[in-house]
Structure formats: C-alpha cells, structure tokens
Amino acid sequence: MIGTSEAVAGGEHVARELARDVQLAGGPKKADPRADGSVGVTMFDLPGSSDLGVTVLLGREQLQAAPSQSLLRIKSTDGKNYLGVVSAGPFAEPDGLRADSDILKAVATHRGDYLPPYHGRVQVTILGEELKDGSLTPPRLRPLPNSPVFVLNDTEAAAVLKCGGDVRLGLAVGHAGVEVGAPSTSKSVFPRHTAVLGTTGGGKSNTVAGLVARARAAGMAVVLLDVEGEYTHLHEPTDHAPALSGLSDRGLSPQGVPAGAMSVYHLTGRDTTNARHPNRKEFSLQFARLSPYAAMEILGLSEAQQERFLKAYDITKELMRDLDIFPQKGNADQQRMALENDEFERGYPRMLLSLLMDVVGACLARAEKGPKEAKGRGKGTDDDDKDDAPPAFEYRTAALRTPEGKGKLATRVSAANPPGNAISWRAVIGRLARLNRAKVFHDEGGTPPMTYLNLVRPGALSVIDLSDSGHSELNNIVISDILRGIQDEQERAYAAYESAKAREGATAEPPRVLIVIEEAHEFLSEERVSKTPVLFEQVAKIAKRGRKRWLGLCFVTQLPSHLPKQVLGLCNSFVIHKLKDPQVVTMLKRMVGDVDEGLWDRVPNLAAGQAVVSFPHFARPLLVSVDPSAAKLKMSD
Ligand SMILES: Nc1ncnc2c1ncn2[C@@H]1O[C@H](COP(=O)(O)OP(=O)(O)O)[C@@H](O)[C@H]1O
Ligand SMILES: [Mg+2]
C-alpha cells in the first residue's frame, strides 16, 4: 500500500511530466483567431439534412446569444462566408445524454438538484453565400462542420435585410435595433399594392393607423376608407395605456396627425364617429359618376328591368340636351365629352338621379295606360303626345315643372317608345327610390359632391367615415366613386406634369397617393365580384393603372379567403398578422413567395402587433413587431 505523501509526490511528478510534454509540443493550443467573438460552430450533417439548413451548436454561455430570426454569419473553414437566419431554436440539450433519458427524467421528477452540463442548438436557414463585395449569391456548397458562427450586429443586419424606409412600420424581431419600413418614394413598393391581413384583434387597425400617419408625414396623399369609423380621432395623440408604454420602450412619443393635415368626410345626412373633428366635411355622391352598368349591378336589376333602366337612361341623356343641361349649345368641349363618354367606365356627365327618376316616372305613367299605349305605339302623332302627358305627380326636376319642360319630356318619351309592362317599370323606380331615400346623391341645391382634388394633396390624410352609411350597397357606391374620382385627378395631374415638363423642364412631381380600404372583403367579396363584375373591373383597372400613376391600394381584411384571388394577386406587399385558419395560411403560402416554413409556422400564434411582413424591397420576409400607433384609434370594443 502506498502512503499519502508518496501519492502526492507521484501526482506532482505526473503534472511536471505533462507540462514538459506540452512545452515540447509548442505550448497550449491557441484559440483560432478566426473564431474570436463567435457564438457557436456548425455541426456535422445528418442523413436528413437539407441543402439550405444547417445546425449550429452553441456553448452553454452562448445559449441565448442567437435568438429566433437573428442573422448569423458562418465563416466556413474553407474560407467561404455564408449568411443565415435562425429559423428554429435556440434549444438547450444536455451533453452526452438524451434530453429524455430515464436518468434525467428521474432526477427532475424527484426534484434532485443535478443539472448535467448542456449546450445550445439552433437551426439555421442559409440565405446565401456572402461575396467579398457583400452581395449574396445562392450557395453552391455548404459550410463545413465546426466552422465558427457569428451574430450580425444591428447595423450589419439592417444592411443585409434592406428593410428600411421612411414609412416606418416597426422593429425586426431577432434584431430589435433594426427598423423596418417602406420607402415612400419607391415606385416598386406602395404603387404595387399592399394587403394587411389578420384575424380580429391581430393588430391590423393599429398597423394601418401607423402606416397612414407615416405615409402622410412622408408627403403622400393618403385616403382611408374607414368602414367602422375607427380612425376619426387620429389627430389626437394616443391615450391607450399599453400603446403609451410600448411607444416609450421604443423611444417614440404619442402624437396625433397634425389637425390641419387631416380631414374627416362623411356622407350627407349620415353621422360620423367624431362630429367634433376640426376638419369635418359632408359630401354627397354624384350619380353622374356612376356607370349605369355598375348602377344596375348594385341595384340588382333583372334583365327586363335593365332593359327599361337603360332605355330611361338614354331618354334622360336626350332630354338633358333638349333642356340645355348637357351638352350645352355651342360648348364644343361638352359635345366632345358627351360623345366620348364610356358608360362602362362612368355615368353621363351632370346626370342627376332625380332627373332619371322623373324620366322613369314618365315611362311608368305611359306603361300604366296599358291598351292606350299599345294603340298609340310607333305612331308618334300629336295625339299620342297628349296621351303621354305627364302624370299628376310633381316632378323632382325644376325644369320639368314648366309647361315647356313637360312638353320636351313628353316628346322624348314618346319618340323613344319605351317598352311597356308597368310592373317592371315600377320595380325600376322602386330601386331608384330606395337609392334616392338614402339621400346621399347630389341634387339641385343640395350638399356639394366631394372635391376629389382635395384628396390628392401631398401630405393630406382624408378619412372617409362610412360607419353610418347603413347598407353595403351604399358603401360600394362611395368606394367606387372615390376610387374613380381619385383616378381622374391623378390622370389630370400627370397630364399637367407631362406638359409642364415638356415646356419648362423640371417641375414638381405629381402626388403619390395611397388608398386604404378597410374591411375590403365587404366591398370586394368573391361572391359579390361575380355579381358585380363591372365594379371589380374598375378596381383591377385602377390597380394596373396605379403603377404608372403613383396610386397605391392597400386592402385590409380579416377574411382574406373571401377576397377574390385576383385582388390578392394584385398585391406585392403583405403584412400578415395572426391568422388561425390553416386553409387561409395555405392559400397565402402560394401567394406570398419566399416566406420560410419557420415563419409560416408562427402565423397562427403571433401576438397582437406582430406580423410576418413581405415587401418587394426586403431581402427576405421578416417577422416584425409593429410600433403601437402614436395617434389615437377609436377602440371598437
Ligand atoms: N403593434 C402593437 N403593439 C402592441 N399592441 C398592439 C399592437 N397592435 C395591436 N395591439 C393591441 O391589440 C388590440 C387589437 O388591435 P387592432 O389593431 O384593433 O386589431 P384588428 O384591427 O386586427 O382587429 C389593440 O387594442 C391593441 O391593444
Ligand atoms: Mg380593425
């Protein structure tokens, strides 16, 4: 048996021998300087490894250094650099034991205080090989095992993600110092249309509030079709407690849109959710702007009713010439407009709903005469004209209350020889009367129609409050009217711009317009579009034209599956808040390219205000924590 002192002496001897061997071998192994500052190393591949996936192992102290969605640089030992993003993890795994080994389970469940040594693991999706000039290229090889891995700092990450822009949206998850936004002047972002999607409570309205405020501040003309009246207080700073603390965490402060730059519009005779807004404006609709074909769709007329509607429409046009309303005698411009008007696009200039109703009324009166009408058909004698004398009711149109006006109407109706059938005529007048009862169409001496030019002023935010419009029929008319009006103004602005440029060289650019349509599924539901193709065709046209005319549409909906595929197909930017329906997610996967599975997996569980965001200027889609709105939203709870 060896004594204690002998054992100590033996131990010292071994240590001395070891130190000598180490010296002989060239001293302790120096850490690879290439690995300085690394958080982990790449692992060997497994049979199930995929081309763009790499597993990275992290030391215990680095376990949380590479959070989800953070960007990594892998310096492969063959000298190539790769950039990747953490698509799963970080996970913690025990060294040398399976996490679910019996012994670890037993220790844990018996509250033993044994914690084995452990390490971290993250799954990384490779974005590309980083070339010397910093550009990314699809990789031909993969990082070698045991290559050091580094986390990009925020400046580097921002440069790689290319996700900035003056219309700030929020911060990148994984790189909380990286701002995410969209450039307000780029033709390839807003004018290529945006969709903001997510279930109720996902954070869409908050996102929209931030978006419109920032876009306006960036000098865009922003029009917000506010179906619920949620945005009528945006000129006030927010007082919502969670928003206040969220803003201060981000170094932002509560702030309303400058009151002078914001207007709240509502239909004449309808309420607004903020009657005290300093720039509240009532407006009426112009029947003259509504294509008769769109009108028939909206009114849901049968074939027989459509025939009569169009007949009355034509009579009304002729009567307007007779009454010198439009085109007026000697006005060449108006003569040309009357000839060139495309009724699939818009209604007849200056036509009032009340006048059309008077004409339909006269046609109905004629049809009601039944046999007499049949007898007189086609002859067009003076006698017939007397038979067609207007009924006892008072005409809505002042000009028709004079004997002269009555005569002109009678002559036109008689000459046109409209089809009979009082029932159909009564149905047409019934539908028109229903529209008229809404009392929103511009009439002689009533509330003036919208001045569209005001909607396209740079830096203006126009909230169109539709919360009290009652039926969606009316909303559709308003929305299509406003889209049309803005498009016309924009065409005009471009024409003026082109000619000014030709004359004087450089001149101020036409406005950049953003139109946000809340609850877009109500206006453009798949079901509705099949019934109202003319209306949809208008939207599609505006969308296509929008790219040339700097007119961006932004569709907001909690029911993306109710939107026709073509509508989402128009969009190139997506802000996807929480969405639970797996079918909807599957549909979006096909529509929104480039979003990796790891991101899609998170969509059903996103917190309010988080969103998967894909914009054309981004290097890749991102998970974004959207800024709380600095301006006040009317909470709809
Ligand atoms: N970016 C955000 N940050 C923090 N909280 C948010 C954010 N967005 C939304 N929320 C919270 O979620 C709630 C619902 O948001 P909202 O924008 O009204 O959703 P949606 O319009 O999709 O129904 C808000 O009242 C707010 O408290
Ligand atoms: Mg909402």
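**Close-up 1. Helix α6 is largely enclosed by the rest of the structure, because 7 of its 8 residues are buried.** This is a predicted model, as are all the views below. The helix takes in residues 292-299. Its buried residues are Pro292, Ala294, Ala295, Met296, Glu297, Ile298 and Leu299. So there's a glutamate in that list, Glu297, sitting alongside residues such as Ile298 and Leu299. Just past the end of α6 comes glycine 300, with a positive phi of about 65°.

**Close-up 2. Glutamine 306 sits in helix α7.** Is this residue buried, exposed or partly exposed? Its relative accessibility comes out at 28%, so glutamine 306 counts as partly exposed. Leaving aside residues up to four places away in sequence, glutamine 306 touches Met296 and Leu301. Met296 is a name you've already met: it's one of the buried residues of α6. For a sense of scale, take proline 458, 152 residues away along the chain from glutamine 306: the C-alpha atoms of the two are separated by 41 Å.

**Close-up 3. Helix α7 packs against helix α9.** Here α7 covers residues 303-322 and α9 covers residues 353-368. Two numbers do the job of describing a pair of packed helices: the angle between the axes and the distance between them. For α7 and α9, the angle is about 115° and the axes are 9 Å apart. The crossing of α7 past α9 is right-handed. Which residues meet here? From α7 come Phe309, Ala312, Tyr313, Ile315, Thr316, Leu319 and Met320, and from α9 come Leu355, Leu356, Val359, Val360 and Cys363. Sorted by type, the residues of this contact are 11 nonpolar and 1 polar, with no charged ones.

**Close-up 4. Phenylalanine 190 and phenylalanine 615 meet edge-to-face.** The structure has 8 aromatic pairs, and this is one of them. The ring centres are 6.5 Å apart, with 75° between the planes. Where do the two rings come from? Phenylalanine 190 belongs to the loop between β9 (175-182) and β10 (194-197), while phenylalanine 615 belongs to the loop between β18 (610-614) and β19 (622-626), so the pair ties together parts that lie 425 residues apart in sequence. Both phenylalanines, 190 and 615, are buried. Add Phe618 and you have a cluster, with ring pairs linking Phe190, Phe615 and Phe618.

**Close-up 5. Lysine 75 lies over the face of phenylalanine 150.** The distance from lysine 75 to the ring centre of phenylalanine 150 is 4.6 Å.

How values were computed: Residues numbered from 1 in each chain as written. Chains lettered and ligands numbered in written order. Predicted model: local features only at pLDDT ≥ 70, side-chain atom pairs only at ≥ 80, totals over all residues. Heavy atoms only, no water. Axes fitted to C-alpha atoms, helices over the stretch in contact; angles between N-to-C directions. Helix = DSSP H or I, 4+ residues; strand = E, 2+ residues; numbered from the N terminus. Left-handed = near helix turned anticlockwise from the far one by under 90°. Contact = heavy atoms within 4.5 Å. Nonpolar A, V, L, I, M, F, W, Y, C, P; charged D, E, K, R; others polar. Phe/Tyr/Trp six-rings, centres within 6.5 Å; stacked < 30°, edge-to-face > 60°. Buried < 20%, exposed > 50% of the residue type's maximum accessible area, 1.4 Å probe, protein only. Lys NZ or Arg CZ within 6 Å of the ring centre and 35° of its normal.
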